[in-house]
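Visitor: Could you take me on a close look at a single part of this protein? I would enjoy a connected tour of that part and whatever it touches.

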Amino acid sequence: RAITFPKLGELRVREKTRQLRRLYERGRFHAYAATFTYERGRWTVTITGVAAQLHHQRRNPEAPRRTQARVGVDLGVKTLAVAADEHGNQIKVWEGVKALQAAQVRLKLANQALARTKRSSNGRRKAARRLGKMHGRVAAVRKALLHSISSELAKGSAVLVIEDLNAAGMLRNRKLARHISDAGFGELRRQLEYKS
């Protein structure tokens with residue numbers, strides 16, 4: 001539940017994986033570096049170490065079986081991703097969270113509050129921190145959905161085919177730009193490429 005650092009002492013942590021904690025308790029994970037980053041009102045500790053059991057060649061052979069059929073992924077604004085097999089049968093449909101669209105009113109009010117403050121004042125720093133936290137939450141909600149989609153697709157299918165979209169070119173359309181950037185097409189493609 002906590003990590004002890006040389007100068008800071010003991011810090012309570014929220015662990016991402018229980019497996020890593022169990023390995024550490026059994027002496028099978030050896031941490032040798034920790035990096036602290038402060039971004040958008042949240043501290044993150046990145047621990048670098050060696051865990052032989054997490055190596056890709058020593059994973060559990062009882063992993064879920066992948067479908068051998070080719071799976072195609074279609075991206076869109078209304079429904080974020082649709083996975084279908086080579087015969088056109090839908091396997092799964094993922095709706096987008098539209099995190100930016102949902103937070104638009106609160107972001108507008110936070111921007112207005114920031115604009116009303118004096119330069120280099122404590123109130124301005126607080127307002128900027130508040131606005132940064134809101135943007136951070138929007139990014140975190142989007143990132144969580146994209147990670148769950150890409151992980152499910154990469155684990156469940158042997159062959160993946162994804163639509164080749166020019167996301168940067170699509171952002172030039174002013175009517176759709178916010179919705180396209182809120183969906184995160186480029187990030188989903190990047191995650192699928194490195195996970196598969």
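Guide: With pleasure; what follows is a walk along helix 4 and through the parts around it.

Please keep in mind that this is a predicted model. To set the scene, the protein chain has seven helices and eight strands. Of its 196 residues, 22% count as buried. Among contacts between residues at least 6 apart in sequence, 51% join residues at least 24 apart.

Now to the helix itself. Helix 4 has 35 residues, which at 1.5 Å a residue should span 51 Å, and the C-alpha atoms at its ends are indeed 51 Å apart, so expectation and model agree. The buried residues of helix 4 are Ala127, Leu131, Gly132, Gly136, Val138, Arg142, Leu145, Leu146, Ile149, Ser150, Leu153 and Ala154.

Let us begin just ahead of the helix. Ser120 sits in the loop between helix 3 (104-115) and helix 4. Its phi is positive, about 50°, although Ser120 is not a glycine. Ser120 is exposed, with a relative accessible area of 68%, a value over the 50% cut-off for that class.

Two arginines of helix 4 make a nice pair to look at. Arg130 is in helix 4 and counts as partly exposed, at 48% relative accessibility. Its C-alpha atom is separated by 8.6 Å from that of Arg40, although their positions lie 90 residues apart along the chain. Arg142 also belongs to helix 4, but Arg142 is buried, because its relative accessible area is 17% and the cut-off for buried is under 20%. Setting aside neighbours within four places in sequence, Arg142 is in contact with Val97, Leu100, Ser181, Asp182, Ala183 and Gly184.

From here we can step into the largest nonpolar core. This core has 16 residues, and those that touch the most other members are Leu75, Leu80, Trp94, Ile149, Leu153, Phe185 and Leu188. At least two residues each come from strand 5 (67-75), strand 6, helix 4, helix 6 and helix 7 (185-195). Helix 4 gives the most to this core, with four residues. Apart from this core lies another, of nine residues, among them Leu100, Ala103, Leu107 and Leu114. Leu100, as it happens, is one of the contacts of Arg142.

Two leucines show how helix 4 meets its surroundings in the larger story of that core. Leu80 lies in strand 6 and is buried, with a relative accessible area of 3%. Not counting residues up to four places away in sequence, Leu80 touches Asp74, Leu75, Trp94, Glu95, Gly96, Leu145, Leu146, Ile149, Ala183 and Phe185. Leu145, Leu146 and Ile149 in that list are among the buried residues of helix 4. Leu80 and Val93 are 13 residues apart in sequence, and their C-alpha atoms are 7.9 Å apart in space. As for Leu188, leaving aside neighbours within four places in sequence, its contacts are Leu75, Leu146, Ile149 and Ser150. Leu146 and Ile149 are therefore touched by Leu80 as well as by Leu188, and the cut-off for such a contact is heavy atoms within 4.5 Å.

Our last stop is an empty space. Rolling a probe the size of a water molecule over the atoms shows where empty space is left. A search of the whole structure finds one cavity of 30 Å³ or more, and its volume is about 110 Å³. Of the 13 residues that line this cavity, Gly96, Lys98, His179, Asp182 and Ala183 are the closest to its centre. Strand 6 (79-85), helix 4 (122-156) and helix 6 (177-183) each supply at least two lining residues. Helix 6 gives the most, with three. By class, the lining has five nonpolar, five polar and three charged residues. Asp182 and Ala183 link this stop to an earlier one, since Arg142 of helix 4 is in contact with both.

Lys98 deserves a final glance. Lys98 is found in the loop between strand 7 (90-95) and helix 2 (99-102). Its phi is near 50°, a positive value in a residue other than glycine. Lys98 is partly exposed, with a relative accessible area of 30%.

Note on methods. Residues numbered from 1 in each chain as written. Predicted model: local features only at pLDDT ≥ 70, side-chain atom pairs only at ≥ 80, totals over all residues. Heavy atoms only, no water. 1 Å grid on protein atoms, 1.4 Å probe; cavity = no way out; pocket = protein on both sides within 12 Å on 5 of 7 lines; lining within 4 Å. Points joined across faces, edges and corners; volume = space filled by probe spheres on them. Nonpolar A, V, L, I, M, F, W, Y, C, P; charged D, E, K, R; others polar. Core = buried A, V, L, I, M, F, W, Y, C linked by side-chain atoms within 4.5 Å. Buried < 20%, exposed > 50% of the residue type's maximum accessible area, 1.4 Å probe, protein only. Expected span 1.5 Å × (residues − 1).
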